[in-house]
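Open the model in your viewer and keep the sequence panel beside it. The stops below can be selected one after another.

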Amino acid sequence: MNTLHRTATLVLLGLAFGAAAQPAPPAAPPAAAAQPPASEPAVVNSALNAPLFYQLLLGELNVSAGEPGTGYSLILDAARRQKDPELYRRAVDVALQARSGEAALTAARAWAQEIPNSPEANRFVLQILLALNRVGETGPVLQAILQASPVTERNDTINAIPQTYGRIADKALAATVVREALAPSLKQPFHAAAAWTTVGRMELAQDQLPPALAAAREGHAIDPASPYPALLALELMERGQNDAEAIVRQQLQTGNAATPGDTAVALAYARILVDLQRNSEARAQLEALTARQPDQAEPWLLLASLQAQDNALAPATASLQKYMALARQSGDERTARGLTQAYLLMAQIAEKQNDFPAANAWLDRIENADDIMAAQMRRASLLARQGQLPQARALLRGQPERRPEDVRLKLVAEAQLLRDFKAYQQSYEVYNEAATRFPEDTDLIYDQAMMAEKAGKLADMERLLRQLIALKPDYHHAYNALGYSLAERNMRLPEAKQLIEKAVSLAPGDAYIQDSLGWVEFRMGNNARALSILQAAYGKRPDPEIAAHLGEVLWVQGQREQALKIWREGLLLAADNETLQATLKRLQVKP
């Protein structure tokens, strides 16, 4: 209810009950009247007069009576007479509630024309035009919004544009309109980096990766210290545009690490490096970030996870203690979830040190019901490591099922526990139980197929993967897994290659699928092509399994020093990788 509507209602109530029914208050002394208390707000008289009151009352009564068209007309007429933004907003609201987009647009445009400097009016016009799918008309409105926004806030407005246009079906038209509206900002040094970043994001929404990268480069060239093009470059890195990394590195060298934007760049870059399994680089980035900004909590948690992964348990403990101290000070919900991760990591560290009572003590600190299963999985791991695998399984099976998805979560947790302790047959049986309970869950079928291979049930694996392909023809992992399995066993190689090429067509940027393609080429005797594919895959994602395959191709081609180098790198990434260890054993090599 708007201010004038509330006022009308109160006046009506006053008339109905009769103001004279209440005794008049005693007159205030002259001194009090001359000097009102400083804490009382100044009285501002309403512009509401009798004709306006009657018109608004009639309008609201029509709206309440199910005649929004009449009510809208009365309120809009009053808004035009009074030039009141509150009344214009009410007219727009009435039209929207009546699902009359054209009427809402008329009111919003009248508002914007009557009060030209009103950013709120233009935002209403923009949002209504987009809701009506009249994207081509939004350019001048967007320009007006940008021009009206204060210079110090304009970059925030520019950065919000891609989200505003996010639901538009015609992405190409939206990108054209936005770029035209941003034309002045693209030439202004203070706004150019944000503007080019928005242009790039509009291209990214169309999956136009090279133009998006070009836009990021334009913005970065104008302002190398700006975090905006670097954040776009990080998104492009996630989409396989490796050339975008140079923008990120240069921004980190020239930016101001004390600003939130630059912290976001450094932290996001570290996360992507972790995803790419470039853990040593990620750890170096996080160590530099925590040194520059020791009061930022989140980098400490990610650094601790890498340190624990590298078995640097003392530094990991120190990083976690720093994180927990900062997290308890902030008290927001996101940090509370982070504390759960910290407790789990502390329990994992204690487990690695064979301090099982301490590990359980850390798990006891977890209070969030949604995280109890993660804690129980860790408890089950503790029991299994102490030779109590049946008790560990019973612990997971005994967890209450508060939600339907808890059934699936429990079964998957049990199967993963059995897999981790190499009880492959039992893990396969639990995955089978889960897939039977949830027959439409394609991820469960895939996991069951992978465990069938581990359990030596190759016929079951192939049957399950073909079932999965029939259920979901675009499930690229299934094509890749089946093709790789055939190639690994040196069977039906033309079919294996066909399956893997199908996976490549569905996920061309996936380094693991490229690894499978290189491996099947090697099995078919196409060594030169295999080497080229595997080198590209390893360059994209250094991984111990890819290292095993690339090293073997190099070894067979006589490039033994290079093969040894690749294998050593693979061992540093994961010394216990089964494929790498099996390769070295088969070739009788000790790198």
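Start with helix 22 in this predicted model: the residues to pick out are M373, A375, Q376, R379, A380, S381, L382 and A384, which are the buried ones of that helix. Helix 22 covers residues 372–385, and at 1.5 Å a residue its 14 residues should span 20 Å; the end C-alpha atoms are 20 Å apart, so the two values agree. Then step to G387, just after helix 22, where phi is positive at about 80°.

**The whole chain**

Zoom out and colour by secondary structure. The chain has 34 helices and zero strands. Of its 591 residues, 45% are buried. Switch on the surface: the accessible area is about 29,900 Å², and carbon and sulfur atoms account for 53% of that. For contacts between residues at least 6 apart in sequence, 51% join residues at least 24 apart.

**Helix 24 and the loop after it**

Select helix 24, residues 404–420. It has 17 residues and reaches 25 Å from its first C-alpha to its last, close to the 24 Å expected at 1.5 Å a residue. Show side chains for its buried residues: D406, V407, K410, L411, V412, A413, E414, A415, L417 and L418. An α-helix has 3.6 residues a turn, so residues three or four places apart point the same way. Which elements cover the buried residues of helix 24? The cover includes helix 22, helix 23 (389–397), helix 25 and helix 26.

Move on to K422, in the loop between helix 24 and helix 25 (424–437). Its phi is positive, about 60°, although K422 is not a glycine. Most residues other than glycine have a negative phi. K422 is exposed, because its relative accessible area is 54% and the cut-off for exposed is over 50%.

For another case, select R492, in the loop between helix 28 (476–488) and helix 29 (493–506). R492 has a positive phi near 40° and is likewise a residue other than glycine. With a relative accessible area of 37%, R492 is partly exposed.

**Helix 26 and Q448**

Select helix 26, residues 442–454, and within it Q448. Is Q448 buried or exposed? Q448 counts as buried, since its relative accessibility is 3% and buried means under 20%. Leaving aside neighbours within four places in sequence, Q448 is in contact with Y428, Y431, N432, A435 and L464.

**The nonpolar cores**

Next select Y446, L465, V520, L550 and W567. These are the residues with the most contacts inside the largest nonpolar core, a set of 64 residues. Centre on Y446: not counting residues up to four places away in sequence, it touches L465, L468, Y475, H477, A478 and A481. A second, separate core has 56 residues, including A244, A266, L289 and L303. In soluble globular proteins, nonpolar side chains tend to be buried together.

**Aromatic rings**

The chain's aromatic pairs number six. For one of them, show W111 and F124: the ring centres are 5.5 Å apart and the planes lie at 35°, so the pair is tilted. W111 belongs to helix 6 (residues 101–114) and F124 to helix 7 (residues 119–131), so the pair ties together parts that are 13 residues apart in sequence. W111 is buried, with a relative accessible area of 0%; F124, at 16%, counts as buried too. Add Y88 to the selection, since Y88, W111 and F124 form one aromatic cluster.

Then go to W555. R560 lies over the face of its ring, at 4.1 Å from the ring centre.

**The last loop on the tour**

Finish at N577, in the loop between helix 33 (560–573) and helix 34 (578–587). N577 counts as buried, because its relative accessibility is 15% and the limit for buried is under 20%. What does N577 touch, not counting residues up to four places away in sequence? N577 touches P544 and E545. Draw a distance between the C-alpha atoms of N577 and E545: the two residues are 32 apart along the chain, and the separation is 7.2 Å.

Methods: Residues numbered from 1 in each chain as written. Predicted model: local features only at pLDDT ≥ 70, side-chain atom pairs only at ≥ 80, totals over all residues. Heavy atoms only, no water. Helix = DSSP H or I, 4+ residues; strand = E, 2+ residues; numbered from the N terminus. Expected span 1.5 Å × (residues − 1). Buried < 20%, exposed > 50% of the residue type's maximum accessible area, 1.4 Å probe, protein only. Core = buried A, V, L, I, M, F, W, Y, C linked by side-chain atoms within 4.5 Å. Contact = heavy atoms within 4.5 Å. Phe/Tyr/Trp six-rings, centres within 6.5 Å; stacked < 30°, edge-to-face > 60°. Lys NZ or Arg CZ within 6 Å of the ring centre and 35° of its normal. Areas by Shrake-Rupley, 256 points an atom, 1.4 Å probe, with all protein chains shown as cover.
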